[in-house]
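I sat down with this one to look up how the strands pair up. Here are my notes, in the order I took them.

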Amino acid sequence: MKIEQYQIDQHNDSLLSRHNNQLAYTEEQLGEQGINAQEIVKALEAFQVAIPSWALGTGGTRFGRFSGGGEPRSLEEKVEDVGLLHALNRSSGSISLHIPWDIPGQAESIISLASSLNLTFDAVNSNTFQDQKNQEESYKFGSLSHVDPKVRKQAVDHNIEVIKYGKDLGSKALSIWLSDGSCFPGQSNFVKSFQYTLESLQEIYAALPDDWKVYVEYKAYEPNFYSTVIQDWGSSLLFCQKLGPKADVLVDLGHHLPNANIEQIVATLMMEGRLAGFHFNDSKYGDDDLTVGSIRPYMLFLIFVELVEGMKRAGRASDTYAWMIDASHNVKDPLEDLLQSVEAILLAYAQALMVDRKKLELARSQNDVVLAQQILQNAFRTDVRPLVRESMRLAGGAIDPIGLFRNLNVRSELMNERGRVTVATGL
Ligand code: PSV
Ligand code: MN
Ligand code: MN
């Protein structure tokens with residue numbers, strides 16, 4: 001299944017006059033506030049969000065998995081699915097692989113498939129949170145932090161192998177998320193676990209190519225429920241600082257204790273120049289991996305307010321950070337879900353770009369709390385959907401990606417091609 005440009009153009013033609021009216025109204029509204037809407041549209045066009053290979057199938061919970069039809073059965077089909085997303089929204093131009101869920105056979109043929117769909121390979125992820133068939137040592141009691149050096153070595157070697165796969169594909173970063181920790185008090189020695197992990201990470205760091213980065217992801221709990229070795233941004237930052245300049249902290253929105261002020265964490269990491277990027281998702285309770293913006297869109301906006309400010313302060317373009325979605329669940333079509341997530345990210349970004357920074361700083365300097373809140377909420381309460389649609393249209397994508405996905409019956413086409421009962425590899 002491939003979406004042709006003429007199908008996108010036809011779809012856009014049918015929506016164009018309505019879209020233009022809405023866009024003109026938004027431009028006028030922004031213009032009255034001295035904001036150049038076209039500059040925001042340009043910034044949106046440049047913002048690319050990577051798609052994780054494991055979000056393309058219906059997700060599971062530990063209670064069960066209700067597979068949808070037409071899910072990708074191979075790495076090639078996963079790349080094709082991301083190609084469909086990118087054709088529709090032009091904002092999902094890369095795929096992130098998880099090894100060994102995805103094993104690229106012939107790097108050249110997978111690269112040529114990806115580039116025919118205008119895709120590149122984002123960070124590669126290692127997996128030492130599950131045992132694989134024929135694996136000698138078990139990760140039941142940890143991997144990089146394990147008390148047994150043989151297990152640590154196996155986990156280090158796996159990460160080095162993942163770097164090799166990534167090198168062949170043109171990736172430039174390794175993402176590490178460890179489930180290491182303990183389920184009960186007394187089970188592990190916090191300090192030894194940290195030090196073993198640091199030694200292991202140092203070996204992996206030494207194997208990084210010069211132009212690579214390692215992203216260190218933290219998570220408060222799960223699957224370990226008493227302690228996690230890299231439990232929060234502070235621990236992650238500490239590891240990164242000890243490792244060196246090629247290590248940065250990766251923030252996954254679902255990996256915090258309830259009510260954590262994530263926007264403040266982001267501001268601090270950016271101040272220190274140690275933010276790698278994001279795993280976007282949303283949650284009500286824990287690492288729920290729900291659609292971005294579905295539960296707490298205001299928090300997402302506040303995070304983007306900090307991201308925009310941090311990027312400006314550092315003089316860094318948005319494409320120098322790693323933006324990715326890390327979400328999947330049981331009840332929606334995974335491709336529609338990803339389109340919704342990308343749209344939510346771009347909406348929050350557009351709103352954050354609208355914030356009048358000068359006025360905000362002035363209000364802050366005068367302790368005008370009411371005005372400061374108003375400035376933020378004025379942006380948050382502006383309907384910027386026409387700007388996001390325009391950025392996709394200008395880039396060659398669809399004005400209404402989900403609408404077109406449905407009009408073209410993409411899911412039933414995929415079911416015809418791949419079968420009704422398919423289960424994508426991954427969690
Ligand atoms: C763990 O919860 C996580 O967020 C990590 O990024 C993993 O790599 C990914 O989900 C898949 O399990
Ligand atoms: Mn994650
Ligand atoms: Mn997670």
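I started at Asn125, which stands opposite Ser175 in S7. That contact belongs to strand S6 (residues 124–125), which runs parallel to S7 and is joined to S7 by 2 bridges. Two strands count as paired if DSSP finds at least two bridges between them; strands (E, at least two residues) and helices (H or I, at least four) are DSSP runs, numbered from the N terminus.

Next I followed the chain from S6 through helix H5 (residues 149–169) to S7, a right-handed β-α-β crossover (clockwise from the first strand over the helix to the second, with the strands pointing away from the viewer).

I then checked the other partner: 5 bridges join S7 to strand S9 (residues 213–217), also in parallel. Here Ser175 stands opposite Tyr215.

Is S7 (residues 173–177) covered or not? I found 5 of its 5 residues buried (20 or more other C-beta atoms within 10 Å of a residue's own, with C-beta atoms placed from the backbone). Ala173, Ser175 and Trp177 lie on one side, Leu174 and Ile176 on the other.

Elsewhere I noted an open, parallel sheet of 3 strands in the order S1-S4-S5. S1 (51–52) and S5 (120–121) are at the edges with a single partner strand each, so one side of each lacks a neighbour in the sheet.

Reminders to self: this is a predicted model, where local features need pLDDT of at least 70, side-chain atom pairs count only at 80 or more, and totals for chains, interfaces and linings use all residues. Residues are numbered from 1 along each chain as its sequence is written, while chains are lettered from A and ligands numbered from 1 in the order written.

Conventions: A residue is buried if 20 or more other C-beta atoms lie within 10 Å of its own, exposed if 12 or fewer, and partly exposed in between; C-beta atoms are placed from the backbone.
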